[in-house]
Amino acid sequence: MAGERQADCLFCKIVAGEVPATVVRETATTVAFRDINPQAPTHVLVIPRVHYPDAASLAAAEPQIAADILREAAEVAAEDKVDGSGYRIVFNTGAGAGQTVFHTHAHVLGGRGLQWPPG
Ligand code: AMP
Ligand code: ZN
C-alpha cells in the first residue's frame, strides 16, 4: 500500500527510532531532525512519517501531510530564529538534483547568507 514503511529506508528507520537522530520537533504526521552533514548553521530535515519517495508523490497521495511539512518547516525556522533573516526550504527531487535519500524530506536551511541561484 502507498505510504508504507520500506525496510531498506534510512528515514523510515529514523521515524521508527531504530536509527538515532537529533530530533527537534515531532507531530502526528512529521519528524524534524538536524542534518548529519549541515550545510548551514540551521540545517534541519522535515520528513513525513509515511514513506513516499519524493515531494511530488507525497503531495499527490497525501496533500494534507505535504502541507504539514511546510508548516513544520516554518516552525523549525522560527524556533531556530532564522525566520527574520530568511531561510530556504529545498526538496531535492531525483538523483540528478542531488537527492540521495528517497523518502520525502524538506531541507530547512538558514543562519547564513544564501546565494541565488543555488549550485
Ligand atoms: P538529499 O541529498 O536531498 O537526499 O538529502 C539527504 C540528506 O540526509 C543529506 O543532507 C544528508 O546529510 C542527510 N542524512 C543522511 N543520513 C542522515 C542521518 N543518519 N541523520 C541525519 N541526516 C542524514
Ligand atoms: Zn522511508
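What spacing do the donors of the zinc ion (ligand 2) follow along the chain? Keep that in mind while I set the scene. This is a predicted model, in which local features need pLDDT of at least 70, side-chain atom pairs count only at pLDDT 80 or more, and totals for chains, interfaces and linings use all residues. Residues are numbered from 1 along each chain as its sequence is written, chains are lettered from A and ligands numbered from 1 in the order in which they are written, and side-chain values use heavy atoms, with hydrogens and water left out.

Back to the opening question, then. The spacing is C-x2-C-x38-H-x51-H. Put names to those letters and you get Cys9 (SG), Cys12 (SG), His51 (ND1) and His103 (ND1), which coordinate the zinc ion (ligand 2) at 2.1 to 2.3 Å. A donor here is an N, O or S atom within 2.8 Å of the metal (3.2 Å for Na, K and Ca), and since water is not among the atoms, sites may look incomplete.

Cys12 sits in helix H1 (residues 10-16), while His103 is in the loop between strand E4 (87-90) and strand E5 (106-110), so this pair ties together parts that are 91 residues apart in sequence. When I say helix, I mean a DSSP run of H or I with at least four residues, and a strand is a run of E with at least two, numbered from the N terminus.

What is the geometry of the site of the zinc ion (ligand 2)? It is tetrahedral, with angles of 107 to 115° among the four donor atoms. Four donors earn that word if all angles lie between 85 and 135 degrees. For reference, the ideal angle for four tetrahedral donors is 109.5 degrees.

Are these two residues buried or exposed? Cys12 is buried at 4% relative accessibility, and His103 is buried too, at 0%. Buried means under 20% relative accessible area, exposed means over 50%, and partly exposed is in between, using a 1.4 Å probe and protein chains only.

Now let's step back to the whole fold. The protein has three helices and five strands, in the order α-β-β-β-α-α-β-β along the sequence. Its radius of gyration is 14 Å, close to the 14 Å from the globule rule for 119 residues, so the protein is as compact as a globular protein of that length. That radius is taken over C-alpha atoms, and the rule is 2.2 Å times the number of residues to the power 0.38. The C-alpha trace spans about 40 × 30 × 25 Å along its principal axes, and 36% of the 119 residues count as buried.

Next, the strands. Strand E1 (residues 23-26) and strand E2 (residues 30-34) run antiparallel, joined by three bridges, and they make a hairpin with three residues in between. Two strands pair if DSSP finds at least two bridges between them. On the other pairing, E2 meets strand E3 (residues 42-48), again antiparallel, over five bridges. Follow Val31 in E2: its partners are Glu26 and, in E3, Ile47. Four of the five residues of E2 are buried.

Finally, meet Ile14, which lies in helix H1 and is buried at 12%. Beyond its neighbours within four places in sequence, Ile14 is in contact (heavy atoms within 4.5 Å) with Val19, Ala21 and Phe33. Thanks for listening!

Definitions and conventions: Four donors count as tetrahedral if all angles lie between 85 and 135 degrees; four count as square planar and six as octahedral if opposite donors are over 155 degrees apart and all others between 65 and 115; anything else is irregular.
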